[in-house]
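Trainee: Could you show me how to read burial, cysteines and strand pairing in a model of this kind?
Mentor: Let us look at the chain and go through these features in turn.

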Amino acid sequence: MRQGHQSWVFPLKPVILGHAAIGGPFEATGPLAEDFDILHGDLNLGQDSWEKAEKVLLEEACSKAVEKAGLTKEQINFMLAGDLMNQIISASFSARTLSIPFLGIFGACSTAMEGLALAALMVNSQSADFVLAATSSHNGAAEKQYRYPTEYGSQKPPTAQWTVTGAGAAVVASQGSGLRITGATIGHVVDMGLTDPFNMGAAMAPAALSTIESHFRDFQIPHDHYDLIVTGDLGRTGHAILSDLLPKHRMQIPLERYIDCGKLIYGENPNVWSGGSGCGCIATVTYGHLLRRMKQGEWKRILLIATGALLSPLSFQQGESIPCIAHAVAVESEQLGE
């Protein structure tokens, strides 16, 4: 199943049997609002903390994905989930509620595709019949932990991004009808020495480039193989940087086929600076907007690259630079999988 140096090919082509996207009040005002399964009008979701609200988002995404897969949670063999909170409490506390055998993972904002790749690996190796992969983020909780208290009202530069309040989940199965996962490429940590926590796009773009290069090298496929290449949350700043880097590295990917979830989720709203970010960014855009459009026949093959900045408040305070990573998952339509 290993393909090349750092990729996996999945001969059984595991199926995305069910998927769901949950969003908050700001996401409800964006251009992708109709692609969410549930949208909340209250940032607190009726809870007494933002952290508890994020847990509810993740629980809802998991439950909805399982329901749409036509299953019960008792039929799910394993749950793979992570988030941005210390000790991934949103994921682990949700797993407590759902009572599904749980493997906690952390890749910062790359967690969505890390989980999806591992879920496909488990299913393809026949280690499981049904695996749930999920992740979440919450604007209030993440801002409080990684930057400044929301009440402080600190101003931000144009390169900053807005953390998505949302959760996404997918059920990966060995059999059934749905979109197919054909391969994955696991990234390695790339650190270009950047230290600005308000410029995640610039920090993560080289990691995305590294994984894209590795994917096409390992699979030995032409650069126009995919109808769409999607990065996780580079935002406008990172998207521009990667668009510039690709041809310089002889990656002749048609730039009209390259989009970024951080740009998509809020459109041209100037109040989000460079765009969206957070674990919930690529998760909600993928499990809502992108997969639905694939099912409608708009694209036959897409490559999803989730990018993550692996810093912590402690590492930043100690003067560390920002190590980044990106993981890629290839998804194709059911017709191609036949």
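**Cysteines, a histidine and a covered strand**

Mentor: At 10% relative accessibility, C109 counts as buried, where buried means under 20% relative accessible area, exposed over 50%, and partly exposed in between, with a 1.4 Å probe and protein chains only. This is a predicted model, in which local features need pLDDT of at least 70 and side-chain atom pairs count only at pLDDT 80 or more, while totals for chains, interfaces and linings use all residues. Residues are numbered from 1 along each chain as its sequence is written, and side-chain values use heavy atoms, with hydrogens and water left out.

Trainee: How many disulfides does the count give?

Mentor: A disulfide is a covalent bond between the sulfur atoms of two cysteines. Taking a disulfide as a pair of cysteine sulfur atoms within 2.5 Å, the count here is 0 disulfides. For C109, the nearest cysteine sulfur is that of C279, 4.8 Å away. For C324, the nearest cysteine sulfur is that of C109, at 9.8 Å, and C324 is buried, with a relative accessible area of 0%.

Trainee: Is H19 buried or exposed, and with which side chain does the side chain of H19 make a polar contact?

Mentor: H19, which lies in strand 3 (residues 15–23), is buried at 2% relative accessible area. Strands (E, at least two residues) and helices (H or I, at least four) are DSSP runs, numbered from the N terminus. A polar contact is a pair of N or O atoms within 3.5 Å; within protein, one must be able to donate a hydrogen and the other to accept it, and residues adjacent in sequence count only if both atoms are side-chain atoms. One such contact, of 3.0 Å, joins the side chains of H19 and K295, and a polar atom of the H19 side chain lies 2.7 Å from the backbone oxygen of Y287.

Trainee: Which residues of strand 7 are buried on each side?

Mentor: In a regular strand the side chains alternate between the two faces of the sheet. In strand 7, F130, L132, A134 and S136 are buried on one side, and V131, A133, T135 and S137 on the other.

Trainee: In what sense does strand 7 pair with strand 5 and with strand 9?

Mentor: Two strands pair if DSSP finds at least two bridges between them. Strand 5 (residues 78–82) pairs with strand 7 in the parallel sense over 5 bridges, with M79 opposite L132, whereas strand 9 (residues 166–173) pairs with strand 7 in the antiparallel sense over 8 bridges, with A134 opposite A169.
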